[in-house]
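Dear colleague,

Please find below the structure that I am handing over to you, with its sequence. My notes on it follow.

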Amino acid sequence: MPRAQTSHPLDPLSAAEISVAVATVRAAGKTPEVRDSMRFIEVALVEPEKHVVALADAYFFPPFQPSLLPRTKGGPVIPSKLPPRQARLVVYNKRSNETSIWIVELSEVHAATRGGHHRGKVISSKVVPDVQPPMDAMEYAECEAVVKDFPPFREAMKKRGIEDMDLVMVDPWCVGYHSDADAPTRRLAKPLIFCRTESDCPIENGYARPVEGIHVLVDMQNMVVIEFEDRKLVPLPPADPLRNYTAGETRGGVDRSDVKPLQIIQPEGPSFRVSGNFVEWQKWNFRIGFTPREGLVIYSVAYVDGSRGRRPIAHRLSFVEMVVPYGDPNEPHYRKNAFDAGEDGLGKNAHSLKKGCDCLGYIKYFDAHFTNFTGGVETIENCACLHEEDHGILWKHQDWRTGLVEVRRSRRLTVSFICTDGKIEAEVKLTGILSLGALQPGETRKYGTTIAPGLYAPVHQHFFVARMDMAVDCKPGEAFNQVVEVNLKVEEPGKNNVHNNAFYAEEELLKSELQAMRDCDPLSARHWIVRNTRNVNRTGQLTGFKLVPGSNCLPLAGSEAKFLRRATFLKHNLWVTPYSREEMHPGGEFPNQNPRVGEGLATWVKQNRSLEEADIVLWYVFGVTHVPRLEDWPVMPVERIGFMLMVLDIL
């Protein structure tokens, strides 16, 4: 068996390997001017072919899994070493405004970089025409300094009462592409401007004070302001310490003290094992990777299934893009369409969890190495974390004859990284024994899943009704609530939407019970707000709570299905009634063998009582359609559905 290699083919590039790759490319520059103009956008591993990964896992790296490779006559031919690792570099030439891609071969001796004399080997290089690579943090900082030093900008800020440029925040945004003026022949940015106050707060939220009306366009290649116009004088929002996100004492208040410490401890250590970037947990195993663009990457996810051995599930999992379009057609907001991976890099903007980690219990951290704009290596310590979570009940079953109960808890393994309100959550966990049908030998059923010889589980649905007697900002005896439905609408093309990007939220007051029989609509991001008709928040808006639907469905049965006679309330996801103490059961108090059609909720709402200002009761019907799987047998793992009540403008 060959001796284990130093770096697995899927391990992220080490700091030494990044240094070698950068030095190799820089040395390949034809002139000193070219070398000095090189800016390094990204240096990442060239991930090898899948068969190389399988070979590495089979014979070069523990736990050594020869079963990954197909059997051959005479036994496998095992090479003495794996192919050399390679790096892929995206390089921007600041002098020529060209972007190029380089492939550099690395080796063990190259990666060692004794005194920096050893270099890799350039495999290929090519210029990619008509593109602009992602922006870099160094460019952002330089752009901010250039704008702050621009005399017309300083004069515009002076008009707004700001002369101290240390308070000004200039955030460069990529211009996107809206016309030929944005062509990649120039490297452009349109900064957004914000301004802090002279607050004593150590971490002031300057983004709470945007500076509107100033148009700035920056040539990022030459770092000069090429367009400037003070178009409209908009007063700065007043200083307000409550907008900050620091401890209460710094904002003129105190932090809450009614929540006691919650400690998650694992006295015997975690259940997972980590060797380098290889993780084993229960019967699962996978590799952790990281790239400058995507951030966290999960490789080679597999499950060890007893005598069947390692069963691969996924080769590579990651988030490849994050797009954030805005719906305001006005300047500058219509241009705010951030591609956070492609324009900036999720990985390069990851946080060091040394500064604060959301994980509890025993935590394993992973560092990540990136190049900066000038080719130096930067390390984000504790960039990703691995930990276990108790995730409630996995499954539970009680035998009604014997009274015996079996229950298992769910344990969840979480790998996370972070890239730069009050609520009530309701979650229903579905678990238990499947209700089965029998099959003739060789028989299958259209309306179910064969889960064992002679057995099938029918497709079915689960519905739940949540009754929520609301009292948003209402004292006892007050009935000052109403319900508003919110749908997102697309603005019609025209003078109010010249860029064809605009959308907006449209509210409709549900005035009566019959009007308030509503269904979910994910295509319009439909949600509902229960708001107080008399109380307003600090901005003059009515206070309220937002009902945010989760995944949902409606009955798939025909409208004349018999069970719907007793369950008419399932025909809509939302019902709203004024409070009545007798109205507690949506299908009536005694639904068993009930011959009456629509008893309960469907009958009550026929009164069509007013809801414009009332003591509101929400009836939220949510469900799931279950097409059983083989994995659901013998006990169905927990399936979670639910909804969320989220605070809305309650402050």
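I begin with a group of charged residues: a network of salt bridges links Glu 485, Arg 518, Asp 521 and Arg 526. Please bear in mind throughout that this is a predicted model. A search of the whole structure gives 26 salt bridges, and several others are described below.

Helix α5 and its surroundings

Helix α5 covers residues 137–148, twelve residues in total. From its first C-alpha to its last it reaches 17 Å, close to the 16 Å expected at 1.5 Å a residue. At the N-terminal end, α5 is capped by Asp 136, which has a side-chain oxygen 2.8 Å from the backbone nitrogen of Met 138.

Which residues of α5 are buried? They are Glu 139, Cys 143, Val 147 and Lys 148. Viewed down the axis of α5, these buried residues fall within an arc of 160 degrees, so they line one face of the helix. In general, an α-helix has 3.6 residues a turn, so residues three or four places apart point the same way. The cover over the buried residues of α5 includes α6 (151–159), β5 (168–171), β9 (214–219) and β10 (224–230).

Salt bridges

One of the buried residues of α5, Glu 139, forms a salt bridge with Arg 187, and the closest N and O atoms of the pair are 2.8 Å apart. Because Glu 139 belongs to helix α5 and Arg 187 to the loop between β5 and β6 (188–189), the pair ties together parts that are 48 residues apart in sequence. Glu 139 has a relative accessibility of 1% and therefore counts as buried. Arg 187 is buried as well, with a relative accessible area of 1%.

A second salt bridge joins Lys 159 and Asp 230, with 4.0 Å between the closest N and O atoms. Lys 159 is in helix α6 and Asp 230 in strand β10, so this pair ties together parts that are 71 residues apart in sequence. Here Lys 159 is exposed, at a relative accessible area of 54%, while Asp 230 is partly exposed, at 26%.

Arg 273 and Glu 280 form a further salt bridge, in which the closest N and O atoms are 3.7 Å apart. Glu 280 is partly exposed, with a relative accessible area of 24%.

Strands and sheets

Strands β6, β9 and β10 make up an open sheet of three strands, in the order β6-β9-β10 and with antiparallel pairing. Its edge strands are β6 and β10, each of which pairs on one side only. Six bridges connect β9 and β10 in the antiparallel sense, and Leu 217 stands opposite Glu 227 in β10. Both β9 and β10 also appear among the elements that cover the buried residues of α5.

Further along the chain, strand β18 (residues 364–371) runs antiparallel to strand β19 (residues 377–398), and seven bridges join them. Phe 370 stands opposite Glu 378 in β19. The two strands form a hairpin with five residues between them, and Gly 375 in the turn has a positive phi of about 105 degrees.

Strand β19 is also joined to strand β20 (residues 405–416), by eleven bridges and again in an antiparallel arrangement. The bridge partner of Trp 395 in β20 is Arg 408. β19 and β20 form a hairpin with six residues between them, and Gly 403 in the turn has a positive phi of about 80 degrees.

Two individual residues

Ser 100 sits in strand β3 (residues 98–105). Ser 100 is buried, with a relative accessible area of 12%. Its side chain makes a polar contact of 2.9 Å with the side chain of Trp 102. Leaving aside residues up to four places away in sequence, Ser 100 touches Leu 89, Val 90, Val 91, Lys 126, Val 127 and Val 128.

Leu 611 is located in the loop between α9 (601–604) and β31 (616–626). Is Leu 611 buried or exposed? At 1% relative accessibility, it counts as buried. The C-alpha atoms of Leu 611 and Gln 482 are separated by 6.0 Å, although these residues are 129 residues apart along the chain. Not counting residues up to four places away in sequence, Leu 611 touches several residues, among them Gln 482, Leu 510, Ala 516, Val 576, Pro 578 and Ile 616.

With kind regards

Notes: Residues are numbered from 1 along each chain as its sequence is written. This is a predicted model: local features need pLDDT of at least 70, side-chain atom pairs count only at pLDDT 80 or more; totals for chains, interfaces and linings use all residues. Side-chain values use heavy atoms; hydrogens and water are left out. Helices (H or I, at least four residues) and strands (E, at least two) are DSSP runs, numbered from the N terminus. The expected span of a helix is 1.5 Å times one less than its number of residues. Buried means under 20% relative accessible area, exposed over 50%, partly exposed in between (1.4 Å probe, protein chains only). The arc is that of the directions from the helix axis to the C-beta atoms. Contact means heavy atoms within 4.5 Å. A polar contact is a pair of N or O atoms within 3.5 Å; within protein, one must be able to donate a hydrogen and the other to accept it, and residues adjacent in sequence count only if both atoms are side-chain atoms. A salt bridge is a side-chain nitrogen of Lys or Arg within 4 Å of a carboxyl oxygen of Asp or Glu. Two strands pair if DSSP finds at least two bridges between them.
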